[in-house]
Amino acid sequence: MDRDELLALFDRQMRRNARPDGPGARIEQADGVVRQVCAAEHGWHGILWSGLDEATADGVVRAQVAHFTALGREFEWKLYSHDRPADLAGRLRAAGFVPEPAETLMVAPVSALSLDAGPPEGVRLQPVTDAAGVDLITEVHEQAFGTPGNRLRERLLEQLAQDPDRIVAVLALVGDRPVSSARMEFCPGTDFAGLWGGGTVSEWRGRGIYRALIAHRARIAGERGVRYLQVDASDQSRPILERLGFAALSVTTPWVFSAP
């Protein structure tokens, strides 16, 4: 499958026909968009796909702002560089959206990945299945990314309690100290699973932990019959993923609107 075919498959399965990403979430199709809304405060609210043109874009953007504002929810318009119209980013900015750092959509066939990479000496991988493990993931997240982990913690606890088969979470430990964490979310009915997290505390970066966590999750994905792994890659992780066999398909930017 070439790049254009793979991107079309991703758009069709993961965006246009998206499934809710967790308990309490639902998918809605309205006004030329596919959106997710959640009952929980910590859930993700936003636009997953849009089919717009120059004539319809501004009206649809205003309608989505009105919809989520009425719900009292901050929401994200997950824009991809191949989305149309080509000036949709400028239209979102004009409507009051604020961009967060862009990431690269990268995809690899599980069958093409090297699965033999293990953690460096002195590091062990441990699955996370309970609240104590989630607390350690939250600790790593806050240290690695420098952002609060409260919403991540609540989301993981909910997933493990209500839908544990859809998520794999793992810690990298040195002794009892967590130095990295990662997770994988399965998307039933699609060919994809998503890799998330992968944050490592600063003093343990560059030692192969990230690569080991990719291989660990890829082995599990292969065992479950997943065809493709998908990552929204930062500039730091993109070169590593390219060396592992991931291909860049598009660039995705979260445009966030905060309701008054």
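**Exercise 1. The largest cavity**

Find how much space lies in the largest cavity of this predicted model, and name the residues that line the cavity.

*Solution.*
Step 1. Start with the volume. The largest cavity holds about 60 Å³ of space.
Step 2. Place that cavity in the structure, which has three cavities of 30 Å³ or more.
Step 3. List the lining. It is made by D21, G22, P23, C38, A40, H42, G43, R155, E158 and Q159.

**Exercise 2. Sorting the lining**

Which helix gives the largest share of the lining of the largest cavity? How many lining residues are nonpolar, polar and charged?

*Solution.*
Step 1. Look for the main contributor. Helix α5, residues 150-162, supplies three residues, the largest share.
Step 2. Sort by class. Three lining residues are nonpolar, four are polar and three are charged. Keep in mind that Gly counts as polar here.

**Exercise 3. Counting disulfides**

How many disulfides does the structure hold, and why do C38 and C187 not form one?

*Solution.*
Step 1. Recall the bond. A disulfide joins the sulfur atoms of two cysteines covalently.
Step 2. Recall the cut-off. The two sulfur atoms must lie within 2.5 Å.
Step 3. Check C38. The closest cysteine sulfur belongs to C187 and is 14 Å away, so the gap is too far for a bond.
Step 4. Check from the other side. For C187, the closest cysteine sulfur is in C38, again at 14 Å and too far.
Step 5. Conclude. The structure has zero disulfides.

**Exercise 4. Buried or exposed?**

Are C38 and C187 buried or exposed?

*Solution.*
Step 1. Take the cut-off: buried means under 20% relative accessible area.
Step 2. C38 has 9% relative accessibility, so C38 is buried.
Step 3. C187 has 18%, so C187 is buried too.

Methods:
Residues numbered from 1 in each chain as written. Predicted model: local features only at pLDDT ≥ 70, side-chain atom pairs only at ≥ 80, totals over all residues. Heavy atoms only, no water. 1 Å grid on protein atoms, 1.4 Å probe; cavity = no way out; pocket = protein on both sides within 12 Å on 5 of 7 lines; lining within 4 Å. Points joined across faces, edges and corners; volume = space filled by probe spheres on them. Helix = DSSP H or I, 4+ residues; strand = E, 2+ residues; numbered from the N terminus. Buried < 20%, exposed > 50% of the residue type's maximum accessible area, 1.4 Å probe, protein only.
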